[in-house]
Amino acid sequence: MVGAQTKITHNSETLLNDGRKLRRMVCDWLSINRNNDFEGMGVSIQDYLIVEQSDDPFLNQFLIKNDKKLPNNIQYDKYLAHMEKPSSYGGPLEIYALGKIFKRSIRVYSSKTMLNGDVVYKDNGAGYNIDNDRPIIAI
């Protein structure tokens with residue numbers, strides 16, 4: 001199993017370093033595009049997170065009660081600072097950003113081990129769709 005500190009060497013780079021670069025790309029994209037429409041939602045990317053998702057327990061991991069009184073752009077910056085940490089994990093916004101960056105559809109699958117030991121993968125509905133002929137990235 002590959003853990004957070006596992007180093008897999010490939011062309012003198014490690015999976016850990018590549019993951020950090022990818023995380024940085026996503027956070028930079030989300031910062032630059034914060035005021036762009038979050039497709040299909042009718043609000044900006046920033047407002048989707050701060051306004052539309054204000055009751056989401058995920059946000060409460062890094063926005064304390066008094067933070068909710070700060071302007072939306074400051075709350076969003078705190079979110080991005082949290083997402084830059086190696087210990088944080090991505091959600092719908094990060095998947096969306098990856099899809100936009102790589103111009104690829106992304107699907108998220110969940111695995112379940114059946115009683116007979118077989119592992120079954122099911123599309124859990126999360127992801128980002130783009131209409132093009134490029135292969136889908138499955139996570």
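Me: In this predicted model, where does K103 lie?
Reply: The model is a predicted one, and K103 follows just after helix 4. With a relative accessibility of 48%, K103 counts as partly exposed, because the buried class ends at 20% and the exposed class begins over 50%. As for its place in the chain, K103 lies in the loop between helix 4 and strand 3 (106–113).

Me: What phi does K103 take?
Reply: Most residues other than glycine have a negative phi. K103 is not a glycine, and yet its phi is positive, at about 55 degrees.

Me: Which residues form a nonpolar patch on the surface together with F102?
Reply: F102 lies in helix 4 (residues 92–102), and at 34% relative accessibility F102 is partly exposed, so it passes the 30% cut-off for patch members. M25 lies in helix 1 (residues 15–32), and its relative accessible area of 36% makes M25 partly exposed as well. The patch has about 230 Å² of accessible area together, and the residues that form it with F102 are L22 and M25.

Me: With which residues is M25 in contact, leaving aside its neighbours within four places in sequence?
Reply: M25 and I101 are 76 residues apart along the chain, while their C-alpha atoms are separated by 8.3 Å. Once the neighbours within four places in sequence are left aside, the contacts of M25 are with I101 and F102.

Me: Which residues of helix 4 are buried?
Reply: Helix 4 covers residues 92–102, and a residue of this helix is placed in the buried class when its relative accessible area is under 20%. K100, at 27% relative accessibility, is partly exposed because it falls above that cut-off. The buried residues of helix 4 are L93, E94, I95, Y96, A97, L98 and G99.

Me: How many degrees of arc do the buried residues of helix 3 cover around the axis?
Reply: The buried residues of helix 3 are Q75, Y76, Y79, L80, H82 and M83. They are placed on the same side of helix 3, because the arc that they cover around the axis is only 155 degrees.

Me: How far apart are the end C-alpha atoms of helix 3?
Reply: Helix 3 (residues 72–83) has 12 residues, and at 1.5 Å a residue it should span 16 Å. The separation in the model agrees with that expectation, since the end C-alpha atoms are apart by 16 Å.

Me: Which residue is linked with R24 and D28 in a network of salt bridges?
Reply: Side chains of opposite charge can pair when their charged atoms come close. The side chains of R24 and D28 meet in a salt bridge of 2.4 Å, N to O, and both residues lie in helix 1, four residues apart, about one turn of the helix. R24 is partly exposed at a relative accessible area of 36%, as is D28 at 32%. The residue linked with R24 and D28 in the network is E84.

Me: With which residue does D77 meet in a salt bridge, and is that partner buried or exposed?
Reply: The side chain of D77 meets that of R34 in a salt bridge of 2.5 Å, N to O. This pair links distant parts of the chain, with D77 in helix 3 and R34 in the loop between helix 1 and helix 2 (45–52), 43 residues apart. D77 is partly exposed, with a relative accessible area of 35%. The partner has a relative accessibility of 12%, which lies under the 20% cut-off and therefore makes it buried: R34.

Me: Which residue forms a salt bridge with E39?
Reply: E39 counts as partly exposed, at 43% relative accessibility. The closest N and O atoms of its salt bridge are 2.4 Å apart, and the partner is K100. E39 lies in the loop between helix 1 and helix 2, so its pairing ties together parts that are 61 residues apart in sequence, the other residue being, in helix 4, K100.

Me: Which pattern does the chain follow, read along the sequence?
Reply: The secondary structure comes to four helices and five strands. Of the 139 residues in the chain, 29% are buried. Read along the sequence, the elements follow the pattern β-β-α-α-α-α-β-β-β.

Technical notes. Residues are numbered from 1 along each chain as its sequence is written. This is a predicted model: local features need pLDDT of at least 70, side-chain atom pairs count only at pLDDT 80 or more; totals for chains, interfaces and linings use all residues. Side-chain values use heavy atoms; hydrogens and water are left out. Patches are made of residues with over 30% relative accessible area and no salt bridge: like charges are joined within 9 Å, nonpolar side chains (Val, Leu, Ile, Met, Phe, Trp, Tyr) within 5 Å. Accessible areas come from the Shrake-Rupley method with a 1.4 Å probe; for residues, only the protein chains shown count as cover. A salt bridge is a side-chain nitrogen of Lys or Arg within 4 Å of a carboxyl oxygen of Asp or Glu. Helices (H or I, at least four residues) and strands (E, at least two) are DSSP runs, numbered from the N terminus. Buried means under 20% relative accessible area, exposed over 50%, partly exposed in between (1.4 Å probe, protein chains only). The expected span of a helix is 1.5 Å times one less than its number of residues. The arc is that of the directions from the helix axis to the C-beta atoms. Contact means heavy atoms within 4.5 Å.
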